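Colleague: Thanks for making time today! Could you walk me through this model, starting with how its helices pack?

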Amino acid sequence: MAKTFQRPRSLKRQQTHYCPGCTHGIVHRLVAETIDELEIRGRTVGLAPVGCAVLMYDYIDVDFQEASHGRAPAMATGIKRVRPDLMVFTYQGDGDLASIGMGEIVHAANRGEKFTTIFINNAVYGMTGGQMAPTTMPDQRTTTSPFGRKSDDVGMPIRVSELLASLATPAFITRQTVIKPKYIKKAKRAIRQAFEYQMENRCFSFVEIVSTCPTNWGMTPVDAIQWTEDTLLPYYVLGDFKTPEDE
Amino acid sequence: MSKVLMKGNEAIAEAAIRAGCLNYFAYPITPQSEVAEYLAWRMPEVGGVFLQGESEVAVSYMIHGAASAGARVFTTSSSPGISLMSEGISYMAGAQVPAVFVNIMRGGPGLGGILPSQADYLQATKGIGHGDCHLLVMAPASVQEAAEMVMMAFPLAEKYRNPVMILGDGLIGQMMEPVEFPEHLKSEPSNKDDWATNGMDTRGADTPNIVKSLFLDPKALNDNNLALRAKYERMKREDVRYEAYNLASDYGVLMVSYGTMSRVCKTAIDELKSKGIEVGLLRPQTLFPFPEDAIFKAAKKVHCQKVLCVEMSMGQMLEDVQRSVQGNCPVQWYGKCGGDVPTPEEIIDLVRTETESE
């Protein structure tokens, strides 16, 4: 009997260090499935970020470079410019990409660099222990906003997909989530689409994934899913913000 | 090839291409922007890569990414820009990635000025980034030597899997001199299949390569630092370079000076020699590794009464000279660091005062 579901070849047989209820594992799997389906494992280079996914090279079985905080898009630019035949993706969290790496992601997107970014937005710094991120919601408590984020003091959360979609350079910019199976299917299609645009040398491609962080939110995994749906998704609206077909 | 008259910055740019480096990322900054302006048209002409990045920070990581993918790659900048790149340089040193960085120094600290200086000596040789890291640092004293050092830098970076820096004062970048690009300094990039992330298909492998500087296990991090230390020790054994000038004479004063400043010292030495005063010069061509043994021996010669460290900084190389002399002679510093270069007359007066006072 033929197997209909199995571990992707590009996903190592390795237990992850992620917390219970964290969605990194799901997204890792979707990336690995995409690499398998497009048969690009032998010519893919990943960029591991500073953040919870820094050890991503322990889980995804392709060449990897480890970036410093926020600089993955600059490293991906360097790789792609000297080796356009390689498939390159960055995998970055919201502290990494939306705070310290905002310059790098905006300019890479604006140059139309032909790589793919997977952007994990869970509204908090994960690895450093739950500090406020540029994506933290108003009144959300974190270790550095113990009384809740005050938007009159530190501004409103940044919607990165909308910001990047405002650039005039053609790109694929989409926001997805993986908190329920129906969303996971759509997220998978978006990731695959993003890699395909890169494969066709069409444009910069960017998939934001609204994600959970039960540990740093101080919630159970189930409550974290509910909070994502009730609080994050109304502000971080799902959908495609830009495709290269747009005029 | 015959000699051509070129500005130092343009010679540096052309030398990289002649050395076999066809990838350049940079951000403009005075006094080295001519490198980027030259390569903006020259790289496309030779089928190479030119990209102006959004900042020096980003550029240092474009270099990191490209070099980690196995490409020969370089950038150029000047003092404040190098400070911004130092983060990326530390990551590259930790991950053992070869590349070439050129620093055409201007005065500092802060914005400082745009005129020549040698004020980044300590940064380049001791403190280029956080952690236990060093660069191999070469200091040219002419446009010709700048071109040759750039050409030598790529195979050296690959030999050590470590960034190499060409440390030139602003005059090296700005002045025009005749230059030729020696054919024998052209080199083939080394095979990097054993570590570079060049794609498994490229190297016919089924095991990924990982380029990283994170070692969470204390023993693994210590081992990585020991491996780096072993490379720095090897540099000291195999790649110290210096020039001796008038060291066969019975000199009473030994000068130690590098870059443009050393040329002024040579003029002063020639003038003093014609008046019967012998002065020797030891010119470090590598600042890390530093020619400490040669300076130690030169300072121990019987007639040597004094060592004079002349530099366009407030006494940065002085620390290495004192360390090398090991107390065998008094070591004196002379220098300026506002952008104007000390003149031969100033050096001559200094030596005369010193020798007459004895």
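Colleague: At roughly what angle do the axes of helix α10 and α13 of chain B cross?

Modeller: Keep in mind that this is a predicted model. Helix α10(B) covers residues 259-274, and α13(B) covers residues 344-356. Their axes come within 8 Å, and the crossing angle is roughly 55 degrees.

Colleague: Are α10(B) and α13(B) oblique or roughly parallel to each other, and why?

Modeller: Happy to reason that one through. Angles under 35 degrees count as roughly parallel, and 65 to 115 as roughly perpendicular. The axes of α10(B) and α13(B) cross at roughly 55 degrees, so the two helices are oblique.

Colleague: Is the crossing of α10(B) and α13(B) right-handed or left-handed, and how do the residues of the contact divide?

Modeller: The crossing of α10(B) and α13(B) is right-handed. The contact involves residues of α10(B), including B:V264, B:A268 and B:L272, and B:P344, B:I347, B:I348 and B:V351 of α13(B). By class, the residues of this contact are one charged, one polar and eight nonpolar.

Colleague: Lovely. Which strands are the edges of the open sheet of five strands in chain B?

Modeller: The strand order in this sheet is β10-β12-β11-β14-β15, with mixed pairing. An edge strand pairs on one side only, and here that applies to β10 (242-245) and β15 (331-335) of chain B.

Colleague: Which residue is the bridge partner of B:Y245 in β12(B)?

Modeller: Strand β12(B), residues 279-284, pairs with β10(B) in the antiparallel sense over four bridges. In β12(B), the partner of B:Y245 is B:L281.

Colleague: Which helix lies across β10, β11, β12 and β14 of chain B?

Modeller: Helix α13(B) lies across β11, β12, β14 and β15 of chain B, at about 145 degrees to β11(B). The helix you want runs at about 170 degrees to β12(B) and spans residues 292-299: it is α11(B).

Colleague: Turning to the two chains, which element gives the largest share of the side of chain B that touches chain A?

Modeller: In total, 31 residues of chain B are in contact with 26 residues of chain A. The residues on chain B's side divide into 17 nonpolar, ten polar and four charged. The largest share, eight residues, is from α3(B).

Colleague: And which residue of chain B stands opposite A:F64?

Modeller: Strand β2 of chain A, residues 63-66, and β9(B) pair in the parallel sense over two bridges. Opposite A:F64 in β9(B) stands B:I210.

Technical notes:
Residues numbered from 1 in each chain as written. Chains lettered and ligands numbered in written order. Predicted model: local features only at pLDDT ≥ 70, side-chain atom pairs only at ≥ 80, totals over all residues. Pairing = 2+ DSSP bridges. Contact = placed C-beta atoms within 7 Å. Axes fitted to C-alpha atoms, helices over the stretch in contact; angles between N-to-C directions. Parallel < 35°, antiparallel > 145°, perpendicular 65-115°, else oblique. Left-handed = near helix turned anticlockwise from the far one by under 90°. Nonpolar A, V, L, I, M, F, W, Y, C, P; charged D, E, K, R; others polar.
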